[in-house]
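Me: I am new to this structure, and I would like a close look at a single part. Please take the opening stretch of the chain and show me how it sits among the rest.

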Amino acid sequence: MEGIYLVKAASAIGAGLAMIAGVGPGIGEGYAAGKAVEAVSRQPESSGSVTKTLLIGCALAETTGIYGLFIALALLFFNPLLG
């Protein structure tokens with residue numbers, strides 16, 4: 001019976017650590033948006049390509065946070081270690 005509580009506690013800690021993965025994409029997307037604004041302010045005629053590249057980069061960065069959220073939810077509610 002003690003093993004089940006240990007697995008649940010480790011799963012809760014793991015879920016908390018997985019949610020830290022949401023911090024990185026937020027910081028990265030903010031930094032990328034700032035650099036995109038700088039690029040458009042220097043060369044306004046390139047705003048279309050800068051915006052397209054920014055959106056693709058932000059979408060790729062956001063998947064890291066979504067994967068972290070999925071791992072956290074899986075550890076909390078669909079815990080494969082408990083059977």
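Reply: Let's begin with the words for burial: a residue is buried when its relative accessible area is under 20%, exposed when it is over 50%, and partly exposed in between, using a 1.4 Å probe and protein chains only. What you see is a predicted model, in which local features need pLDDT of at least 70 and side-chain atom pairs count only at pLDDT 80 or more, while totals for chains, interfaces and linings use all residues. Residues are numbered from 1 along each chain as its sequence is written, and side-chain values use heavy atoms, with hydrogens and water left out.

The part to look at is helix α1, residues 2-19. Helices here are DSSP runs (H or I, at least four residues; strands are E, at least two), numbered from the N terminus. The 18 residues of α1 should span 26 Å at 1.5 Å a residue, and its end C-alpha atoms are indeed 26 Å apart. That expected span is 1.5 Å times one less than the number of residues.

Now look at the two sides of α1. Its buried residues are S11, A15 and A18. Seen down the axis, they fall within an arc of 65 degrees (taken from the directions from the helix axis to the C-beta atoms), so they line one face of α1. An α-helix has 3.6 residues a turn, so residues three or four places apart point the same way. On the other side of α1, E2, Y5, L6, I13 and L17 are exposed.

What lies over the buried face? The cover includes α3. S11, which belongs to α1, is buried with a relative accessible area of 4%. Leaving aside residues up to four places away in sequence, S11 touches L75, N79 and L81 (contact means heavy atoms within 4.5 Å).

Other residues of α1 fall between the two extremes. A9 is in α1 and is partly exposed, at 39% relative accessibility. Although A9 and L76 are 67 residues apart along the chain, their C-alpha atoms are separated by 9.9 Å. G14, also found in α1, counts as partly exposed at 22%. The C-alpha atoms of G14 and T53 are 39 residues apart along the chain and separated by 33 Å. A similar reading comes from A15 and L55, which are 40 residues apart in sequence and 28 Å apart in space, C-alpha to C-alpha. L55 is in helix α3 and, at 56% relative accessibility, counts as exposed.

It helps to meet the partner of α1 too. Helix α3 has 31 residues and reaches 44 Å from its first C-alpha to its last, close to the 45 Å expected at 1.5 Å a residue. The buried residues of α3 are V50, C58, G65, G68, A72 and A74, and what covers them includes α1 and α2.

How do α2 and α3 lie together? Helix α2 (residues 23-42) and helix α3 (residues 47-77) pack at about 175 degrees, with axes 9 Å apart. Axes are lines fitted to C-alpha atoms, for helices over the stretch in contact, and angles run from 0 to 180 degrees between N-to-C directions. The two helices are therefore roughly antiparallel (over 145 degrees; under 35 is roughly parallel, 65 to 115 roughly perpendicular, the rest oblique). Among the contact residues are P25 and V40 of α2 and V50 and C58 of α3.
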